[in-house]
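Reader: Hi! Could you walk me through some helix packing here?
Author: Happy to, let's open it up.

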Amino acid sequence: MQRAATPRGQRLGAGSLAPLSAASGLRLEAFREEHVADRVERALAAERVETAEDLVAVLRRDGRARERFRRSVAVSHSGFFRDPEQFDALEHRILPRLLEHTRRPRAWSAGCANGLELWSLGVVLNRLGALDRAHLLGSDLLDENLATARAGTYDVVEITPALRARARWERRDLARGDAPAGRFDLILCRNVAIYFEPGAKAGLHAMLAGALAPGGVLMLGRSERLSDPASLGLRRIEPHVYERSR
């Protein structure tokens with residue numbers, strides 16, 4: 001007998017979040033409630049099941065379904081020189097100033113998706129004559145994104161051996177609040193925190209600020225801003241761009 005459809009928004013009960021987190025390997029509590037509810041609804045339709053409990057069972061037994069759900073929640077969008085005005089600011093104002101004070105620039109693309117953001121940064125550093133002394137790190141939550149980034153095979157751009165030699169990649173869950181070792185002169189974390197609930201977003205911004213070297217720069221997405229940069233030891237230097245006090 002076919003079950004009656006449950007109204008939208010009523011199928012993710014308070015007790016469903018922990019099992020879904022365990023089955024998917026995601027800290028779903030770190031994401032905005034409405035975002036998670038929307039992605040669960042989409043997954044229920046895609047996997048043709050009725051309840052969150054049914055979805056948990058599917059995610060536990062079906063690796064492809066689990067991958068689809070993880071990609072849906074951890075939204076991954078990237079592109080070569082995505083948001084060109086931000087890369088223009090990097091090339092003509094931000095990086096030249098940073099390069100005056102550091103011989104070996106360290107940059108981190110936090111939430112790098114398919115890697116094109118970090119590769120775009122590498123192209124800019126090459127234009128500025130600083131690629132051969134740069135350290136480039138890309139991190140992402142999803143293994144399939146990192147596989148694409150490491151392969152570096154795209155239709156839009158050819159990744160040169162010189163650029164490949166400067167980049168490394170690692171899996172990192174930004175919702176868990178741990179930064180890579182060392183300090184960075186530039187951190188790009190664009191359009192990641194917009195999916196986080198307020199507490200997780202504040203924790204992410206604090207972690208990113210703490211990972212900056214003195215004088216280092218944090219660039220957020222065009223729709224993002226810090227409400228109180230001074231509390232993190234930062235000051236706004238451009239729209240959506242913040243510098244750590246020296």
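Author: Let's start with a pair of helices: α5 passes α6 in a right-handed crossing. Keep in mind that this is a predicted model.

Reader: Thanks! At roughly what angle do the axes of α5 and α6 cross?

Author: The axes of α5 (residues 84-99) and α6 (residues 116-127) cross at roughly 40° and come within 10 Å. An angle over 35 and under 65 degrees counts as oblique, so α5 and α6 are oblique to each other.

Reader: Nice. Which residues meet there, in α5 and in α6?

Author: From α5 there are Phe87, Leu90, Glu91 and Leu95, and they meet Glu117, Ser120, Leu121, Val124, Leu125 and Arg127 of α6. By type, the residues of this contact are six nonpolar, three charged and one polar.

Reader: Switching topic: which residues of α4 are buried?

Author: In α4 (residues 63-73), the buried ones are Ala65, Phe69, Arg70, Ser72 and Val73. They lie on the same side of α4, because they cover an arc of only 160° around the axis.

Reader: And what do those buried residues pack against?

Author: The buried residues of α4 pack against three helices, α1 (17-24), α2 (33-47) and α3 (52-61), and also against the strand β3 (167-171).

Reader: What about α1, which residues are buried there?

Author: Those are Leu20, Ser21, Ala23 and Ser24. The buried residues of α1 pack against α2, α3 and α4.

Reader: Cool, and which residue follows α1?

Author: Gly25 does, and its phi is positive, near 75°.

Definitions and conventions. Residues numbered from 1 in each chain as written. Predicted model: local features only at pLDDT ≥ 70, side-chain atom pairs only at ≥ 80, totals over all residues. Heavy atoms only, no water. Axes fitted to C-alpha atoms, helices over the stretch in contact; angles between N-to-C directions. Helix = DSSP H or I, 4+ residues; strand = E, 2+ residues; numbered from the N terminus. Parallel < 35°, antiparallel > 145°, perpendicular 65-115°, else oblique. Left-handed = near helix turned anticlockwise from the far one by under 90°. Contact = heavy atoms within 4.5 Å. Nonpolar A, V, L, I, M, F, W, Y, C, P; charged D, E, K, R; others polar. Buried < 20%, exposed > 50% of the residue type's maximum accessible area, 1.4 Å probe, protein only. Arc of directions from axis to C-beta.
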